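Me: I'm new to this one. Could you walk me through how to read it?

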Amino acid sequence: MKQLPEDLVSIRLTVNGVVRSLDVHPGETLLEVLRGRLRLTGTKRGCEVGECGACTVVLDGRAVNSCLVLAVQADGAEVLTVEGLAREGALHPLQRAFLEHGAVQCGFCTPGMLMSAHALLAQDPSPTPDAVRRAIAGNLCRCTGYQAIVDAVLAAAGEANSS
Amino acid sequence: MMIGEKDKDRPWLLGRPEPRVDGLGKVTGEARFTDDLDEVGQVWGVVLRAAHPHARIVSLDVEEARLAPGVVAVLTARDIPGNPFVGGVVQDQPVLAGTAGAGGGAGHDLDRVRMLGDGVALVAAETEAQARDALGLIRVGYEPLPVVTDPREALRPESPLVHDRGNLVVHHGVRHGDPAVGFEYAHRVYERAYATPRIEHAYLEPECVIARPVEGGGVEVVGSIQNLFSTRRAVASVLGVPLNRVRIRHAVLGGSFGGKDDVMTVMACRAALLARATGRPVKMVNTREESMLESYKRHPYFLDYRAGVDRDGNLCAMRMDIVADAGAYASMSPFVTYRSVVQAAGPYRCPHVWTDVRAAYTNNPYTGAMRGFGSPQVNFAIECLVDEIAEDQGLDPLTYRRRIVFRDGDVTPTGQRLAGHRVSLDEVLARIGDASGFVDKWWRYRAAREAPAAFRRGIGVACSYRGVSLGAEGVDAAATFVQVQPDGSVIVSSGVTDMGQGAQTAVAQCAAEVLGVPLDRVVFLNTDTSRIPDSGPTVASRGTIMGGSAAADAAAQVRARMLEVAADLLGQPVKNLVIREGLVGTGGAEGSFVPSRLTFADLAGECFRRGVALAALGWFRAPPTSWHEETGQGIAYFTYVYGANVAEVVVDSGTGRVRVEEFWSVHDCGRVVNRLGAEGQVHGGVAMGLGYGLLEEFEVEQGVPKASNFDEYLIPTAMDVPRMHVEFVENPDPAGRLGQKSLGEPTNEIAAPAVVNAIANATGRRIREIPATLEQVLIGRRLTRSGLRGSEVARGGEASCKVRGEEG
């Protein structure tokens, strides 16, 4: 990390497998960098106080609220956003399960939900329904009542385990 | 164009759990919500909001702000070229409050702020930070006015006036029979007072618009807008231009629940003013704090119910007096209270019913449309009351309800005979009783409360009937446009908006059903006011019945033309031909289908080559309704839907904590169009209803909201919502072109009373004021906290918990 003129800080992070070098303000959040500078607008801004979870991304394997992470804190880190889930045109099993189970309504919480679920399954490939609920307890959804989301995460886990 | 009986009676595609037509982009991140869009050369627009909940503006100085770095324009009420007021029913809300002489008329004086969410000035600047910095340079002189915050006080003659013409927004009455006579033969009379809270829609996407100036003095607006045609009317009126110079589109909407109506209209008007003034695209985005401060809420209600029961246990008289808090502006209050007055007595036979509902202006945040629209409040009251009467009559609440609910041919308190469709409430109650094991559990849990226990179990029921669509509120018609492409793919657009509820999928599925193509062949375009006729607002759970019926109409027109060509190609009479699963074939009256080699895609190509019009505009006008304002009698809605909820709870006797363990929801919404979408509506409606019953209240003290973000305004999380069991009783209704009706709001309007009735079953204590917080459950009254945020308390502020009434 080197200090640049005008208070800019140079950082380097890997986003969805691509190394990105950026000069950011010290106060800029990871959310602002993802949406504003990298135009990865799949990650949503819902509350900016870490309560709604719409901005959840996976940072070095952990689900975090990107509105609460400074971009400089992500220097050297690996970030996965919703745009990085599908590989070579094929949807991730979580994405397919969300569609098939009706886990998507307005879709604003969906990217954050997917990322929380992704981090959960990486840690616990066969979660119980309660574990899924705990893992997404920081992601608010006003449309679905969470039931279809829980079902989708369990289905995606089941699919991954049987293949 | 005829929709054949085949379409209505034997659908091949309706009812299937098809994935959403707009789902893919939402799981990949490609779906563009308004804040994901930017325009070349755009500036940022921000709003200076009121510093007092009620004050006259005596001076307003924006000169310093105009000179601030990056600032492109600063606007006040004086800069509005057209009508400075908006309002869907009463034009009483200023786009910007101003100083005296800025405009306005009698009863609507423009020179004051009436709630903290009011806007006083607009700034456009090159960056959002520059725009927000400039707000601090605007100097406003206020002369504070007395504040009124209780709608019952607001209706007293000595109350401060929020609007010069008086604080009464609307008064609806229903006069059916004569309760004075009815109460004379009452064996028992029950008098109960209920109260329901102000709540926040809490759509996850904050409000956002982008306005772009276009030639002829007009604008194009894209935004998170629920009711595009209402917004268009207001923007055209504020700019003083005809409707065809204002084009409103929505981007993908991140939830609305009735909430992105007036607040978006005001935001669109402000962005349009800035776009005209700067000649540049203007983007405005609310922070969550701005959203909670400015956006309208669900009306708090105070409900006084009096019911008489005769010796046989039947309701013989009801008298209801209800006051709603409209907040600072009328918004949808006149229509919200209309639904309340029609449905206040619940789905129960009663010969003598008088109901009065008044809405009053206060200096609280304004209240308007929210999922349910005047029904969650009255359903809470009547469902708690009927539950209590049942227990008092020595019956379980489900059996008692089944005795007194409407059946085919019964007459409602507005004098409407329920006919022409199946009045299925008894069937719905029977189904939910079986599914939940209600009667047995209710008696068991009631008996168990005699003995001391750390945890008590309870089960509760609630049911409702609900008028479909707008009813006698106003014009009720909608358009859907269906185009078949030469390769057989289909494009559908409609005047009905998808806010996340799935209107695009439901409307597309209706079109695909009639065309005979799989749903994945359909693309749905976001609504655009310049490309589809004014279809009214997407409210009142009318999307599926109105937009879907118009889609069926459009698809039937196109199909008829295509079948003529098919008849020629296949050498078969048109009446024998059927299209299904993208294949053309022959079908019999009994629903059989034999496909030919001709595909829908090939047929579309041949039609195109022959110059056949493969597009049609479908139109659906609702059946007639009527209303006599003096007596509150008439055909209030053209048809009704029926539903019931059962909640099973565990109450912690030591803390008052209520855990909802299981939940059942049964609805007759007519023909189910998409099972996946329908179940999703129920799940989400119930979760929101549980928040209403147990958790949520947007507290306001002296006009100042106590919550500004999700750290203080709590909505249910995945940990708070139980497993839900959903069933549908399908009675196709002749009112919908394919037998479909409504579902979105019925799902949300009875969860709270079901839970509160379950708490009563567990504890023996009747809660008449929601939310049923820990203290309501444990000690039977509410505690209130100070207006300080938690962080301020931690820094040495006062105690965070005070008992209301102990202070003075």
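Reply: Sure, here is a short tour of a sheet, the domains and the chain contact. It's a predicted model, where local features need pLDDT of at least 70, side-chain atom pairs count only at pLDDT 80 or more, and totals for chains, interfaces and linings use all residues. Residues are numbered from 1 along each chain as its sequence is written, with chains lettered from A and ligands numbered from 1 in the order in which they are written.

Me: In what order do the 3 strands of the open sheet in chain B run?

Reply: Strands of a sheet pair through backbone hydrogen bonds, either parallel or antiparallel. In chain B the order is β6-β2-β8, with antiparallel pairing. β6 (112-113) and β8 (139-144) of chain B are at the edges with a single partner strand each, so one side of each has no neighbour in the sheet. Strands here are DSSP runs of E, at least two residues, and helices are runs of H or I, at least four, numbered from the N terminus; two strands pair if DSSP finds at least two bridges between them.

Me: How many bridges join β2 and β8(B)?

Reply: Strand β2 (residues 55-61) of chain B pairs with β8(B) over 6 bridges. One to look for: B:Leu60 has B:Val140 as its bridge partner in β8(B).

Me: Which residues make up domain 2 of chain B?

Reply: Domain 2 is 34-145 + 201-294; the bounds come from an automatic or database domain assignment. Its C-alpha centre lies 36 Å from that of domain 3 of chain B.

Me: How many residues does each chain bring to the contact?

Reply: Chain B brings 44 and chain A 42, counting C-beta atoms, placed from the backbone, within 7 Å. α18(B) gives the largest share of chain B's side, 9 residues.

Definitions and conventions:
Contact = placed C-beta atoms within 7 Å.
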